[in-house]
Amino acid sequence: MRVEIIETVLAPAREMTPMSEVLGIVIHQTGDTDIDASAEQIYDWHVNQNGWAHIGYHKIFRQAGDVERGRPEEYQGAHCPGANGFTLGYHVSGSFGGKLPTDAQLQSIVAAAADDCEKYGFDPLGILPNGKDVISGHRDWLATECPGAMLYSILPQIRQQVAEAMQQGAV
Ligand SMILES: [Zn+2]
């Protein structure tokens, strides 16, 4: 393991759909509001306000580099229609239309993605059967700003760094 996931005690509000097979990762931003959203905050939005079963995302990348557990990975998230059944949702806290995530966030994203690629056996530089990248941005799937133009622009570097981290092995 390259990065420790901080377990949260957020309970599902109801039954969730099991994940069949994890084939990739979809990357998101908080949105228009540039805040360091926590798993607890997102739980409030998604469960208490939207009425969802749990946080829509599986991992939350905080600006100091902490990675918090969202929805357990054995269950399909609610982050990207068309991809929820076979991808992990990575939420990067902040708004990245005009700036990049912090260096600490980027390091954690690369480390977590390398761990997940090894755990689930997929290639960070690979392509899904439907032609999308194995590590994609939300906007690859539907019309949305997410994960922000700046973060989206560096996804090729992130994929490359994940591949390099995997070659170096777990630390
Ligand atoms: Zn998104």
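1. Along the chain, the donors of the zinc ion follow the spacing H-x109-H-x7-C. In this predicted model, the zinc ion is coordinated by the ND1 atom of His-28, the ND1 atom of His-138 and the SG atom of Cys-146, at 2.0 to 2.2 Å. The two histidines link distant parts of the chain, since His-28 belongs to strand β2 (residues 24–29) while His-138 sits in the loop between β6 (135–137) and α3 (149–153), 110 residues apart. Both of these histidines, His-28 and His-138, are buried.

2. The strand that carries His-28 deserves a closer reading. In β2, 6 of 6 residues are buried, and this cover extends to both faces of the strand. On one side the buried residues are Gly-24, Val-26 and His-28, and on the other they are Ile-25, Ile-27 and Gln-29. It helps to remember that in a regular strand the side chains alternate between the two faces of the sheet.

3. As for the sheet itself, 6 strands form an open arrangement in the order β1-β4-β3-β5-β2-β6, with mixed pairing. The edges are β1 (5–6) and β6, each of which pairs on one side only. Strand β2 runs parallel to β5, to which it is joined by 6 bridges, and Gly-24 has Thr-87 of β5 as its bridge partner. Strand β2 also runs parallel to β6, here through 3 bridges, and Ile-25 stands opposite Ile-135 of β6. An antiparallel pairing is found between β3 and β4, which are joined by 3 bridges; one partnership in this pair sets Ile-60 against Glu-68 of β4.

4. How many residues does helix α2 have, and how far does the helix reach? Helix α2 (residues 103–120) has 18 residues and spans 26 Å from its first C-alpha to its last, close to the 26 Å expected at 1.5 Å a residue. Its buried residues include Leu-106, Ile-109, Val-110, Ala-113, Ala-114 and Cys-117, and also polar or charged names such as Gln-105, Ser-108, Asp-115 and Asp-116. The elements that cover the buried residues of α2 include β2, β3 (59–61), β4 (67–69), β5 (87–92), β6 and α4 (155–168). Just after α2, Gly-121 takes a positive phi of about 75 degrees.

5. In soluble globular proteins, nonpolar side chains tend to be buried together. Here the largest nonpolar core has 34 residues, and the members that touch the most others are Ile-25, Ile-27, Tyr-90, Ile-109, Ile-158 and Val-162. Each of β2, β5, α2 and α4 supplies at least two residues of this core, and the largest share, 8 residues, comes from α2. Apart from this core lies another, of 9 residues, among them Leu-10, Ala-37, Ile-55 and Tyr-57.

6. Val-162 gives a concrete view of such packing. Leaving aside its neighbours within four places in sequence, Val-162 is in contact with Val-110, Ala-113, Ala-114, Cys-117, Pro-124 and Ile-135. Of these partners, Val-110, Ala-113, Ala-114 and Cys-117 are listed among the buried residues of α2, and Ile-135 is the residue of β6 that stands opposite Ile-25.

7. Which cysteine sulfur is nearest to that of Cys-80, and how far away is this sulfur? The count of disulfides comes to 0. The nearest cysteine sulfur to Cys-80 is that of Cys-146, 8.5 Å away, and because a disulfide requires two cysteine sulfur atoms within 2.5 Å, Cys-80 is in no disulfide. Cys-80 is buried, with a relative accessible area of 0%. Cys-117 is in no disulfide either, the nearest cysteine sulfur, that of Cys-80, being 17 Å away; at 2% relative accessibility, Cys-117 also counts as buried.

8. Is Ile-35 buried or exposed, or does this residue fall in between? Ile-35 is found in the loop between β2 and α1 (39–49), and at 31% relative accessibility this isoleucine counts as partly exposed. Not counting residues up to four places away in sequence, Ile-35 touches Thr-30, Trp-45, Gln-63, Ser-93 and Gly-94. Ile-35 and Gly-121 are 86 residues apart in sequence, and their C-alpha atoms are 33 Å apart in space.

Conventions. Residues are numbered from 1 along each chain as its sequence is written. This is a predicted model: local features need pLDDT of at least 70, side-chain atom pairs count only at pLDDT 80 or more; totals for chains, interfaces and linings use all residues. Side-chain values use heavy atoms; hydrogens and water are left out. Donors are N, O and S atoms within 2.8 Å of the metal (3.2 Å for Na, K and Ca); water is not among the atoms, so sites may look incomplete. Helices (H or I, at least four residues) and strands (E, at least two) are DSSP runs, numbered from the N terminus. Buried means under 20% relative accessible area, exposed over 50%, partly exposed in between (1.4 Å probe, protein chains only). The expected span of a helix is 1.5 Å times one less than its number of residues. Contact means heavy atoms within 4.5 Å. A nonpolar core is a set of buried Ala, Val, Leu, Ile, Met, Phe, Trp, Tyr and Cys residues joined through side-chain atoms within 4.5 Å. Two strands pair if DSSP finds at least two bridges between them.
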